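Subject: The structure for you to look at

Hi,

Here is the structure I promised to pass on. Have a look at it first, and then read on for what turned up.

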Amino acid sequence: MKLMYLLGGLMLAGYLEVGAADLTTGRLVAGMCQTCHGINGFAPIPIAPHIGGEPQSYIKNQLMAYKNSERDHEMMTIIATSLSIQQIEDVAAWYASHTATARLPSEVSEADAPSACISCHGVEGISLVEDAPNLAGEVNIYLATQLKAFRSGKRQHEIMTDIAAELSDDEIRDIANWYANTLLKIERPQ
């Protein structure tokens, strides 16, 4: 597969060859990720998102955004910058190879799901589109922080920036609480 590589806003001449993703290598690379995201993608710390079962393209795009300084995070920028494009492909494939499922608590009605979110993130918080992350079981403070970053423009996305711009603090809190209360399960590939 050939990828065009954007570095510092300039397109490098030509293409970089990237081989097929390798799950064994991806699991080794995930060793660097496990403290925050878990080896299987279930984050053991509340400030990190669960990434097991995320769409592979989503994981890859986020790592490339950190690598190219399109997103900024003290730890993620350092880690992504240290990874080759092949390692990014491999670790994205590793985490995407897991299966994420979610269900609503028994006392919650599907009809109360946040209507602005369900077409991409689903009622239970499992992504329905390649460019959207799973939100199921994330810590509400993490989700609220990300929505506020989109609303303020600190974080940019062609769809989320506009959606978040219209949300009040109360709506952000309600959305974050909705997805934080869904019950997430991540399973290893067989």
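Among contacts between residues at least 6 apart in sequence, what percentage join residues at least 24 apart? In this protein, 64% of them do. Please keep in mind that this is a predicted model.

**Overall build**

The secondary structure comprises nine helices and six strands. Measured out along its principal axes, the C-alpha trace covers about 50 × 40 × 25 Å. The radius of gyration is 17 Å, which agrees with the value near 16 Å that a compact globule of 190 residues would have. Of those 190 residues, 43% count as buried.

On the outside, the protein exposes about 10,500 Å², and carbon and sulfur atoms supply 56% of that area. As for charge, there are 13 positive and 23 negative side chains, with the centres of the two sets 6 Å apart.

**The cores**

In soluble globular proteins, nonpolar side chains tend to be buried together. Here the largest nonpolar core has 19 residues, and the members that touch the most others are A30, I59, L63, L83, I88, V91 and Y95. Four helices each give two or more residues to this core: α1 (23–30), α3 (56–67), α4 (74–82) and α5 (85–96). The biggest share comes from α5, with six residues.

A30 is a good place to start if you want to click around. Leaving aside residues up to four places away in sequence, A30 touches I39, V91, W94 and Y95. There is also another core, lying apart from the one just described; it has 18 residues, including L135, Y142, L167 and W178.

**Two single residues**

S69 sits in the loop between α3 and α4. Its phi is near 65°, a positive value in a residue other than glycine. Is S69 buried or exposed? S69 counts as exposed, because its relative accessibility is 59% and the cut-off for exposed is over 50%.

A165 belongs to helix α8, which covers residues 160–165. With a relative accessible area of 44%, A165 is partly exposed. Which residue, twelve places from A165 along the chain, has its C-alpha atom 8.5 Å from that of A165? That residue is G153.

Happy to go through any of this with you at the screen.

Best wishes

Conventions: Residues are numbered from 1 along each chain as its sequence is written. This is a predicted model: local features need pLDDT of at least 70, side-chain atom pairs count only at pLDDT 80 or more; totals for chains, interfaces and linings use all residues. Side-chain values use heavy atoms; hydrogens and water are left out. The radius of gyration is taken over C-alpha atoms; the globule rule is 2.2 Å times the number of residues to the power 0.38. Buried means under 20% relative accessible area, exposed over 50%, partly exposed in between (1.4 Å probe, protein chains only). Contact means heavy atoms within 4.5 Å. Accessible areas come from the Shrake-Rupley method with a 1.4 Å probe; for residues, only the protein chains shown count as cover. Lys and Arg count as positive and Asp and Glu as negative; His and the chain ends are not counted. The place of a charge is taken as NZ of Lys, CZ of Arg, CG of Asp or CD of Glu. A nonpolar core is a set of buried Ala, Val, Leu, Ile, Met, Phe, Trp, Tyr and Cys residues joined through side-chain atoms within 4.5 Å.
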